[in-house]
Structure formats: structure tokens, C-alpha cells
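Reader: Could you take me through this model feature by feature, giving the general idea before the particular case?

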Amino acid sequence: MILPRVALLVLLAVQPVVPPPGADTVLDRRVRGVAQRLRCPVCQGESIQESPAELAVQMKGVVREQLAEGKSEREVMDYFLAKYGDWILLEPRAEGLNLVVYWVPVIFLAIGGVTLFMAVRKWTRPDAVVANTDTADTEVDAS
């Protein structure tokens, strides 16, 4: 009588913990994180996470397999970079010519700020110029 109970306890203790269906596991979160950064080759401007295309689903399967094998997210990204090139990244890497994408908005903001400052300075200057011309006129009349 005690032996079946002990066997049942041992069986429950040894049984692997399987998440319930639909549960969000660490692997799911990692797959989603990588899949959100990879562009779908079929759909325009969508990640493979969002795309319903069959190729995107297959690519998510590859991401899942590689992460389950123990590869890091960087290694999985490098795999897709080697296979498809930089185009596959939804967000370009901040290196080389891609730096233009990151710095051009900052440069235009700086140019816009300087232009706005110069315009405001010019708008506020005419009162001072009028005052100077008035004093110049009075000096001409006095002589």
C-alpha cells in the first residue's frame, strides 16, 4: 500500500515541468525579441513576428530551433545577416555608412535650431535699427 504511493510521489517529482499550452515561456520571449528585429522578405515593412506569410513562419521556426539549441540571439541574428545581408534588419546597425541614417536628423535639427535662432534675432533687431537711424537723422539735421 505504501509502495504505490511512494512510486507515485517519485513519478511526480521526476516528471518534467511542461508549461501549459499558450503559456509565455522564456524561449517564446526570446524568439519574439529576435523575430521583431528581422524583416519579412515577403511583406513590405513588417517583421517576421507580425507577418502571416509562410516564409516568415518558417523563419520564426528557424529562430526557435537555433535558440533552443543554445545559440545566443546575436548568433541567430548573424545567421540571418549572413544569409540575407543587412537588408534583413528592420533597424540598421549603427556603423559605417548606416551612421548617416542616425546623424542626418540630428544635423538637420541643429541647422533648424540655428536658423530659427538667427530668424528670431533678426525679427527683434529692427527696433534697434530704427532707433539708430532716428539718431543719425537728428545728427544730420543738427549739422
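Author: What follows treats the overall fold, one helix and its packing, the salt bridges and a surface patch. This is a predicted model, in which local features need pLDDT of at least 70 and side-chain atom pairs count only at pLDDT 80 or more, while totals for chains, interfaces and linings use all residues. Residues are numbered from 1 along each chain as its sequence is written, and side-chain values use heavy atoms, with hydrogens and water left out.

Reader: How many helices and strands does the protein have?

Author: Helices (H or I, at least four residues) and strands (E, at least two) are DSSP runs, numbered from the N terminus. The protein has six helices and zero strands.

Reader: Which residues of α2 are buried, and how should I read their placement?

Author: An α-helix has 3.6 residues a turn, so residues three or four places apart point the same way. Buried means under 20% relative accessible area, exposed over 50%, and partly exposed in between (1.4 Å probe, protein chains only). In α2, the buried residues are Asp 28, Val 31, Val 34 and Ala 35. They lie on the same side of α2 because they cover an arc of only 130° around the axis, the arc being that of the directions from the helix axis to the C-beta atoms.

Reader: Against which helices do the buried residues of α2 pack?

Author: They pack against α3 and α4, where contact means heavy atoms within 4.5 Å. Not counting residues up to four places away in sequence, Val 34 touches Val 63, Leu 67, Glu 73, Val 76 and Met 77.

Reader: Which salt bridges link α2 to distant parts of the chain?

Author: Side chains of opposite charge can pair when their charged atoms come close. The criterion is a side-chain nitrogen of Lys or Arg within 4 Å of a carboxyl oxygen of Asp or Glu. Asp 28 and Arg 64 meet in this way (2.7 Å, N to O), joining helix α2 to helix α3 across 36 residues. Glu 73 and Arg 30 also form a salt bridge (3.5 Å, N to O), with Glu 73 in helix α4, Arg 30 in helix α2 and their positions 43 residues apart. Arg 30, Arg 37 and Glu 73 are linked in a network of salt bridges.

Reader: Which residues make the nonpolar surface patch?

Author: Such patches are made of residues with over 30% relative accessible area and no salt bridge, like charges being joined within 9 Å and nonpolar side chains (Val, Leu, Ile, Met, Phe, Trp, Tyr) within 5 Å. Here Leu 99, Val 101, Tyr 102, Trp 103, Val 106, Ile 107, Phe 108 and Ile 111 make a patch of about 770 Å², with areas from the Shrake-Rupley method and a 1.4 Å probe, only the protein chains shown counting as cover for residues. Ile 107 is found in helix α5 (residues 99-124).
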